[in-house]
Structures are given as structure tokens and as C-alpha cells.
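Subject: Structure handover

Hi,

Here is the structure I said I would pass on. Could you open it alongside this email and follow along?

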Amino acid sequence: MASTPLLRLSPHPTSQTLKKPYFPPPLSTVRFPNPLKTTISISRPPCKKTTICMSYQAVPATERLISAVAYCLPFFNGLQYGRYLFVKYPNLGLVFEPIFPLLNFYRSIPYASFVAFFALYLGVVRNPSFSRFVRFNSMQAVVLDVLLVLPLLVQRVFNPGFSVLGRTPYLPFVADAADRQL
């Protein structure tokens with residue numbers, strides 16, 4: 001008999017309180033008692049508000065020309081990889097025919113690629129008097145040229161050397177020095 005009042009206080013399954021969906025209150029209205037406080041004080045320097053704005057500034061024609069000429073180094077050194085395409089498709093060579101005189105001049109100078117590489121890197125990329133636009137494009141051309149040399153090095157490593165075939169290689173300055181020592 002003593003349990004009868006307790007049964008009346010428990011909610012009945014058919015009561016209205018179970019039929020209503022429960023929506024918790026938003027967190028902005030919930031008040032937490034005694035929020036945690038830090039015991040360590042951190043002092044920060046005052047932040048400078050910097051605004052980054054992108055604005056289009058016209059690049060002078062001389063800087064655009066220097067940047068475009070910088071890409072001639074990887075272009076000229078990369079043409080050797082297209083020789084198979086030029087053999088298979090002869091009409092493709094007609095596109096490059098206007099630059100043949102410039103390419104022949106470039107290839108006629110001994111060590112032109114080596115000299116052009118260091119001239120571009122030391123004379124333009126490392127020179128702060130040029131704008132960032134010119135230096136960035138020149139550095140990109142230098143990186144492309146280095147990446148073009150890697151397959152050539154791999155090809156030379158895996159091809160049989162002169163000594164393996166029984167031939168004596170002639171290296172311009174090294175051969176003269178070796179001959180004098182003998």
C-alpha cells in the first residue's frame with residue numbers, strides 16, 4: 001500500500017510529456033556555474049593588423065621580355081627530346097623552322113648551355129636589382145633546365161662507356177693533362 005503513491009508520481013506512458021519531442025536549449029542560453037579560469041597569465045604582443053590586398057600592376061615590357069628569354073634555355077635544351085617526334089612527323093619541324101638560326105647560333109658556341117645556366121642563375125636570379133617577377137621566372141627556367149638534364153644523365157650512366165667498348169674517350173682538358181703525366 002505504501003507503493004501506491006509512488007506509482008502515481010511516475011509518468012504514465014500515455015501522458016503528454018512523452019509525445020513532445022525534446023529540443024535542448026541553445027548553448028548561448030546555458031549558464032555554466034563557475035567557469036574554469038586560467039591561473040597562468042599569457043601576455044601576447046599586440047597584433048598588427050595586416051591587410052593583404054591583391055592588385056594588378058602592369059609589368060613593364062622589358063621585364064616581360066627578360067622573363068620570356070629566360071625560358072629559351074630549357075626550351076633549347078629540351079628540343080633534343082623531341083627528335084623522335086620530328087622524325088615521325090616532319091611537318092612538326094616546320095613550326096620550329098623560324099628559330100633554327102637562333103638555335104644554330106646557340107649550339108655553335110662551345111659550352112653555351114653551361115654558360116647560359118650560370119649567367120641566368122648568378123646574373124638574374126641572385127640579382128636583387130631585378131624585380132621579383134623576373135627573378136621568379138628565371139629561377140623557374142633554371143629549375144626546368146636542371147630537370148631536363150636528369151634524363152640525359154641517366155641515359156649516359158646506363159649506356160655502355162667508351163672504355164667498355166675498347167675505345168679511348170677524348171675529354172678536352174682532361175685528356176691533355178693525362179697525356180702530359182704519361
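Below is what I found, starting with the pockets and then moving to a few helices and residues.

First, a caveat: this is a predicted model, so please read everything here in that light.

**The largest pocket**

The largest pocket comes out at a volume of about 550 Å³. Its lining is made up of 19 residues, and N77, Q80, S113, V149 and L152 are the ones nearest the centre. Which helices build it? At least two lining residues come from each of α4 (72–78), α7 (100–108), α8 (112–125) and α9 (132–158). The top contributor is α9, which puts in seven residues. As for chemistry, the lining of this pocket holds 13 nonpolar residues, plus three polar and three charged ones.

**The second largest pocket**

Next is the second largest pocket, with a volume of about 340 Å³. It is lined by 18 residues, and V69, C72, L73, Y106 and A116 sit closest to its centre. Two or more lining residues come from each of α3 (61–70), α4, α7 and α8. Here α8 gives the most, with six residues. What classes of residue line this one? The count is 18 nonpolar, no polar and no charged. Put that beside the largest pocket, where three polar and three charged residues are part of the lining.

**Helix α8 and A116**

Since α8 supplies residues to the largest pocket and also to the second largest, have a look along its length. The helix has 14 residues and runs 18 Å from first C-alpha to last, close to the 20 Å expected at 1.5 Å a residue. Its buried residues are A112, F117, L120, V124 and V125.

A116 is also in α8, and is among the residues closest to the centre of the second largest pocket. Is A116 buried or exposed? Neither, quite: its relative accessible area is 24%, so A116 counts as partly exposed. Y106 is another of the residues closest to that pocket's centre. A116 and Y106 are ten residues apart along the chain, and their C-alpha atoms are separated by 9.7 Å.

**Y111, between α7 and α8**

Just before α8, take a look at Y111, which lies in the loop between α7 and α8. Its phi is near 60 degrees, a positive value in a residue that is not glycine. That caught my eye because most residues other than glycine have a negative phi. Y111 has a relative accessible area of 52%, so this residue counts as exposed.

**S138 in α9**

Over in helix α9 you will find S138. With a relative accessibility of 0%, S138 counts as buried. What does S138 touch, leaving aside its neighbours within four places in sequence? The contacts are A70, L120, V124 and V125. Of these, L120, V124 and V125 are on the list of buried residues in α8.

**What the UniProt record says**

The UniProt entry, which is unreviewed, lists residues 65–85, 105–124 and 136–154 under "transmembrane region". How do the spans look in the model? Residues 65–85 are 76% helix and 0% strand, with end C-alpha atoms 29 Å apart. Residues 136–154 are 100% helix and 0% strand, and there the end C-alpha atoms lie 28 Å apart.

Over to you!

How values were computed
Residues numbered from 1 in each chain as written. Predicted model: local features only at pLDDT ≥ 70, side-chain atom pairs only at ≥ 80, totals over all residues. Heavy atoms only, no water. 1 Å grid on protein atoms, 1.4 Å probe; cavity = no way out; pocket = protein on both sides within 12 Å on 5 of 7 lines; lining within 4 Å. Points joined across faces, edges and corners; volume = space filled by probe spheres on them. Helix = DSSP H or I, 4+ residues; strand = E, 2+ residues; numbered from the N terminus. Nonpolar A, V, L, I, M, F, W, Y, C, P; charged D, E, K, R; others polar. Expected span 1.5 Å × (residues − 1). Buried < 20%, exposed > 50% of the residue type's maximum accessible area, 1.4 Å probe, protein only. Contact = heavy atoms within 4.5 Å. UniProt positions renumbered as here; feature names shortened; annotations may be inferred.
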